Amino acid sequence: MRQLYIKQKVFSLSGKFTVKDQQEKDIYYVEGSFMQVPKTFSIMNTARDEVALITKKVFSFLPKFLVKVNGREVLTIKKEFSFLKARYTIDAAGIEVHGNWWDMDFQVLQHGQIVGKVCKEWFTWGDSYKVQIIDEEMETIITALVVAIDCVKADQAAASSAASI
């Protein structure tokens with residue numbers, strides 16, 4: 001089992017951060033598009049080759065995020081229409097998320113088998129997540145899923161603060 005740590009820099013306008021292993025070595029680099037439409041986050045390996053891409057769909061009635069890993073679309077996170085509380089669904093072939101993914105405390109299952117676990121690290125400056133990879137073949141997909149959920153949460157927070165102005 002491999003553990004990864006995702007820690008976003010709180011004051012990073014460009015949306016750049018790294019994913020580290022237990023020895024604090026950089027494993028993935030995440031770069032967000034700054035002031036571009038559509039908003040994207042690119043996940044690159046140590047050779048700086050793109051291994052995953054998260055894109056916020058622009059022309060959609062409700063927010064929708066598409067996640068591609070190695071060039072193929074693997075999952076979609078979309079907001080559902082509701083009046084009171086924001087509700088999102090994750091649509092992925094053969095992949096399920098069990099637990100409270102909005103609070104970043106969940107398990108990732110593939111065909112009923114646990115392939116990864118995610119939990120938020122508390123008492124840290126900025127958002128930090130511990131990601132346990134049980135099936136190493138799923139590492140890129142699980143990493144992309146965590147970054148995508150974090151993008152959805154940031155987008156929701158931005159929309160909420162803009163609506164209250």
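In this predicted model, Ile-43 touches a broad set of residues once those up to four places away in sequence are set aside, and these fall into several stretches of the chain: Tyr-28, Tyr-29 and Val-30; Asp-49, Glu-50, Val-51, Ala-52 and Ile-54; and Thr-143, Ala-144 and Val-147. Ile-43 is also named, together with Ile-54, Ile-77, Phe-106 and Val-147, among the residues with the most contacts inside the largest nonpolar core, a set of 42 residues. The largest share of this core, ten residues, is contributed by helix α1.

The chain that surrounds this core contains one helix and twelve strands, and, when read along the sequence, the twelve strands come before the helix, following the pattern β-β-β-β-β-β-β-β-β-β-β-β-α. Of its 165 residues, 41% count as buried. Among contacts in the chain with a separation of 6 or more, 32% are accounted for by residues 24 or more positions apart.

Helix α1 spans residues 139-163 and includes Thr-143, one of the residues touched by Ile-43. Thr-143 has a relative accessible area of 2%, and because this is under the 20% cut-off, Thr-143 is classed as buried. Apart from residues up to four places away in sequence, Thr-143 touches Leu-4, Ile-6, Val-19, Tyr-28 and Ile-43.

Leu-4, which lies in strand β1, has a relative accessibility of 0% and therefore counts as buried. When neighbours within four places in sequence are left aside, the contacts of Leu-4 comprise Val-19, Lys-20 and Asp-21, then Ile-27 and Tyr-28, and further along the chain Tyr-129, Lys-130, Val-131, Ile-133, Glu-139 and Thr-143. Leu-4 and Val-118, separated by 114 residues in sequence, are 9.6 Å apart in space from C-alpha to C-alpha.

The strand that holds Leu-4, β1 (residues 2-7), pairs with β12 in the antiparallel sense over six bridges, and within this pairing Tyr-5 stands opposite Lys-130 of β12. Strand β12 also pairs with β11 (residues 113-120), again in the antiparallel sense, here over five bridges, with Tyr-129 of β12 as the bridge partner of Lys-120. Strand β12 itself covers residues 128-133, and because five of its six residues are buried, this strand is largely enclosed by the rest of the structure.

Further features concern cysteine and aromatic side chains. The structure holds zero disulfides. Cys-151 is buried, since its relative accessible area of 9% falls under 20%, whereas Cys-119, at 24% relative accessibility, counts as partly exposed because this value lies between the limits of 20% and 50%. Zero aromatic pairs are found in the structure. A charged side chain is nevertheless placed over a ring, with Arg-48 lying over the face of Tyr-29 at 3.7 Å from the ring centre; Tyr-29 is also one of the residues touched by Ile-43.

How values were computed:
Residues numbered from 1 in each chain as written. Predicted model: local features only at pLDDT ≥ 70, side-chain atom pairs only at ≥ 80, totals over all residues. Heavy atoms only, no water. Buried < 20%, exposed > 50% of the residue type's maximum accessible area, 1.4 Å probe, protein only. Helix = DSSP H or I, 4+ residues; strand = E, 2+ residues; numbered from the N terminus. Pairing = 2+ DSSP bridges. Phe/Tyr/Trp six-rings, centres within 6.5 Å; stacked < 30°, edge-to-face > 60°. Lys NZ or Arg CZ within 6 Å of the ring centre and 35° of its normal. Contact = heavy atoms within 4.5 Å. Disulfide = S-S within 2.5 Å. Core = buried A, V, L, I, M, F, W, Y, C linked by side-chain atoms within 4.5 Å.
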